[in-house]
Amino acid sequence: MNTPHPSCSTPRRVWLDISLDTLRTNYRHIARAVSPCSVMAVLKANAYGLGVRPIAGALAHEGVAAFGVAEPHEAFALLDLGIPIHILGSVLPDEIPELVAVGVVLPVTDLDTARAVSREAVRQGRTATVHFKVDTGMGRLGMLIGEAAETIQAACRLPGLKANGIYTHFPVAYQTGSAFTREQIRRFTKLLDTLSASGLSFAQRHIANSDAVNNVPEACHPPFNLVRTGINLHGSFDTEGMRVLDLAPVLTLKTRLTAARTLPAGASIGYGLSYRLPQATRVGTISAGYADGLPLALSNRGHVLIRGVPCPILGRLSMDYTTVSLEQVPDAAVGDEVVCLGGEGPMAISVEDWAHLKNTHPYEIICSLGSRVERRYR
Ligand SMILES: Cc1ncc(COP(=O)(O)O)c(C=O)c1O
């Protein structure tokens, strides 16, 4: 028989402070800006890695209209909150029965999917709520715009379906004034008109993501009446495009100083010997590395904050540790709190700063925060 492991009561070395108050304030800003559109919070991938339950709970208190997720497990995790849950991308045929049984709103991307959902709804004696997903240029999922009217008209004749919504998605909504985005809106709106002329209208019509809320105002006006927002809830923005909304970052990544010592002139730091001390230097080792989500690209470039003071990263950071200069904070001591991401004032470190250094976007930074990082909610 296995003996149970004792559990470790020592606090985690790396943690993410997540301000649910700030999240709620961000939500209110977004909701006000897009009103009278309602807001779907996109919480796929465990709320972009921040922890879906506390985030969803906070947004439920704010009266969010719906949750958007990627796949069935994510949907099931939110069922008890009593808010409509939409699978945004696709459903696989074998996923349909369980999703119909619990009333998740399903994307209809083609006629085969519509038929499969209809068959299952009829078999279960239920009505399945669906939203039609139209591909106007994302090239990822959904019925092609040219075929959409015919497909939707055929799907709407099937039994057991409540066709409650229709939507499409923007690939470049961060580009203000993009002709591509304008053309997507034009073609999608024309489709709505064609369907309306054939007697089909939909309670929810949506197209805007966070980028569009900031850069494409017409995507948040009639005929559209719902926006889908994810990254803005966390106070982050795409690195390109305008930032119209006044939002604040919700997360701070912290760790602790695990060594503080003076190394002699010429000492090398880290794998690859990419840094040598020009003179004897007070250095510290912090207990966080790329396994926690610090991009390797911070090596010899980024900084952390100790006692509010910027401490440059020296050498290549490793899986669990990163070496920093303590020259500007000589009193720093083992056990001190270290801010890796976040903080106050002009030297605060933003998700976007890391995204620039890594040559990526904020989504990848947030989603890469490590699994051993404790999520603490305030
Ligand atoms: C279909 C769809 N809508 C909306 C969003 C939300 O995007 P954002 O986090 O940029 O607001 C996503 C996320 O990628 C998505 O896939």
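How do the residues of the lining of the largest pocket divide into nonpolar, polar and charged? In this predicted model, the split comes out at 15 nonpolar, eight polar and seven charged. The pocket in question holds about 700 Å³ of space, and 30 residues line it. Those that lie nearest its centre are K44, R140, H169, N209 and Y363. As for secondary structure, two or more lining residues come from each of α2, α9 (210-215), β10 and α11 (362-367). Helix α2 is the top contributor, with three residues.

The largest pocket is also the space taken by the ligand. Around the ligand itself there are 13 residues, and Y48, S210, R228, I231 and Y363 come nearest. Y363 thus turns up twice, once among the residues nearest the pocket centre and once among those that come nearest to the ligand. By type, the shell around the ligand is made up of five nonpolar, five polar and three charged residues. Two elements, α2 (44-48) and β10 (226-229), each put at least two residues into this shell. Both of these elements also appear in the pocket lining, where each gives two or more residues.

Now for the polar contacts. On the side-chain front, an N or O atom of Y48 sits 2.5 Å from an oxygen atom of the ligand. R228 also uses its side chain, with a polar atom 2.8 Å from a ligand nitrogen. G230 takes part through its backbone instead: an N or O atom there lies 2.9 Å from a ligand oxygen. Taken on its own, the ligand has 390 Å² of accessible area, and the protein covers 92% of it.

Open pockets aside, there is some enclosed space to report. Rolling a probe the size of a water molecule over the atoms shows where empty space is left. The count comes to three cavities of 30 Å³ or more, and the largest of these cavities has a volume of about 60 Å³. Its lining consists of K133, V134, D135, T136, M138, R140, L141, Y167, T168 and H169. In terms of type, that lining divides into four nonpolar, three polar and three charged residues. Strand β6 (residues 128-135) gives the most to it, namely three residues. Two names here are already familiar: R140 and H169 line the largest cavity, and both are listed among the residues nearest the centre of the largest pocket.

A few backbone details round things off. The peptide bond between S35 and P36 is cis, with omega near 10°. P36 belongs to the loop that runs between α1 (20-34) and β2 (38-42). A cis peptide bond also joins P222 to P223, with omega at about 10°. For P223, the setting is the loop between α9 and β10, two elements that also give residues to the lining of the largest pocket. Finally, N300 has a positive phi of about 60° although it is not a glycine. N300 is placed in the loop between β14 (281-286) and β15 (303-306).

Note on methods: Residues numbered from 1 in each chain as written. Predicted model: local features only at pLDDT ≥ 70, side-chain atom pairs only at ≥ 80, totals over all residues. Heavy atoms only, no water. Near = heavy atom within 4 Å. Polar contact = N/O pair within 3.5 Å; in protein donor to acceptor, adjacent residues only side chain to side chain. Areas by Shrake-Rupley, 256 points an atom, 1.4 Å probe, with all protein chains shown as cover. 1 Å grid on protein atoms, 1.4 Å probe; cavity = no way out; pocket = protein on both sides within 12 Å on 5 of 7 lines; lining within 4 Å. Sits in = over half its atoms within 2 Å of the grid points. Helix = DSSP H or I, 4+ residues; strand = E, 2+ residues; numbered from the N terminus. Nonpolar A, V, L, I, M, F, W, Y, C, P; charged D, E, K, R; others polar. Points joined across faces, edges and corners; volume = space filled by probe spheres on them.
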